[in-house]
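User: I'd like a close look at a single part here, the surroundings of the ligand. Could you walk me through that spot, and then add whatever else stands out along the chain?

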Amino acid sequence: MTNRVYNFNPGPAILPEPVLKEVQENLLALPGVGMSILEISHRSSTFENILNETINNLKKLANIPENYKILFLGGGASLQFSMVPLNLMPPKNKADYIVTGSWSKKAVKEAKRVGAVNIAASTEDENFKRIPRQDELKLDPDAAYVHYTSNNTIYGTEWNYIPEVGNVPLVCDMSSDIFSYPFDVSKFGLIYAGVQKNLGPAGVTLVIIREDLLERSQDTLHTMLNYKIHAENNSLYNTPPVFAIYIVGLVAKWLLNLGGLEAITKLNDEKAKLIYDAIDNSNGFYKGHAEKDSRSKMNITFRLPSEELEKKFVKEATEQGLVGLKGHRSVGGLRASVYNAFPIEGAKALVEFMKDFQNKNS
Ligand SMILES: *Cc1c(COP(=O)(O)O)cnc(C)c1O
């Protein structure tokens, strides 16, 4: 087998090695089926079993209550920026948005095409280096829903609490931290996530929606944009991304075998602590972008004393098999994405590299 590097890419991102091996092993013919997962009908009992097992394993993993539907949709998390307001905003046609980064801003842009958007809080004038506190949220008790982004992939900040929003349904873009810690699904009306960061390959978006909210989807909506129709058809109204769903199923099994969300959150805490400690103990050579109480455990963003050194860092790290560390162009600097599948050995290797680099360049 060819050597795998430590993959710090922000998304699409690293997948668990046992999952990739199983995909490889069964790619020519699924056991007992004689055809590849890439070749079977989405209406076959084989695929229907895979789909339903995936749904059940996700429900088990996150204790998702019975009154929630799990959907697998196309169009990326970005299509949800439109589908959420199209389905959930009427008839009030107003919603609250909490703006904590570029993805939240994109969600606002689409929501404004549907109705009135109240920005309940924004940390943009602080370059999104922190998450707003509960007492800063200016919520409208009559809003159709409240939307927020649990982890800001680009800025490296993450909510360490679920906002209290009363009886208004809470909608969350969890694309970059879904299933990286245990959380109470019953606090949410709708959760969505492009799976290519923490849960699978590019090509499918997971939507978890409370059943009563399906009644908001109006018949006048385009069929493919209608949550209710996707729910009634168990995500099989049209051909779903079969291969991507299959891999999400394998990742869910991998997480369950590991001990579920309690087990993965411990590993994630450990990995993040190693790297943040290296930043904090560098006498200011490395500077974190996020304020301490808003730090993401998935995307760790930091800067070096100069852009020249940042370029050099990326180049030399890549040569040593630490790949994907360049920060997003809107923040600059470095970003280490350490999603569920990222191994602790990779975090240790990065810390060693950081110390070594500092010694040679300060
Ligand atoms: C990556 C990302 C998106 C966009 O996902 P696509 O599937 O590319 O549309 C949206 N929100 C967050 C938080 C992300 O990290």
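Analyst: A term to settle up front: a polar contact is a pair of N or O atoms within 3.5 Å; within protein, one must be able to donate a hydrogen and the other to accept it, and residues adjacent in sequence count only if both atoms are side-chain atoms. This is a predicted model, so to speak plainly about cut-offs, local features need pLDDT of at least 70 and side-chain atom pairs pLDDT 80 or more, while totals for chains, interfaces and linings use all residues. Numbering runs from 1 along each chain as its sequence is written, and side-chain values use heavy atoms, with hydrogens and water left out.

On to the ligand. Lys197 puts a polar side-chain atom 2.8 Å from one of the ligand's oxygen atoms. Gln196 does likewise at 2.9 Å, and for Ser78 the distance from a polar side-chain atom to a ligand oxygen is 2.6 Å. On its own the ligand has 390 Å² of accessible area (Shrake-Rupley method, 1.4 Å probe), and the protein covers 86% of that.

The shell holds 13 residues, and Ser78, Thr153, Asp173, Gln196 and Lys197 come nearest; a residue is near if one of its heavy atoms lies within 4 Å. By type, the shell splits into 3 nonpolar, 8 polar and 2 charged residues. In that scheme Ala, Val, Leu, Ile, Met, Phe, Trp, Tyr, Cys and Pro are nonpolar, Asp, Glu, Lys and Arg are charged, and the others, Gly among them, are polar. Helix α3, residues 76–88, gives the most to the shell, with 4 residues. Helices (H or I, at least four residues) and strands (E, at least two) are DSSP runs, numbered from the N terminus.

Follow the chain on from α3 and you hit a backbone oddity: the Pro90 to Pro91 peptide bond is cis, with omega near 0°. Pro91 sits in the loop between α3 and β3 (94–99). There's another cis bond from Gly11 to Pro12, with omega near -10°, and Pro12 is in the loop between β1 (6–7) and α1 (17–25). Asn127 has a positive phi, near 50°, without being glycine; its loop runs between β4 (116–122) and β5 (146–149). Why flag these? Because most residues other than glycine have a negative phi, and most peptide bonds are trans.
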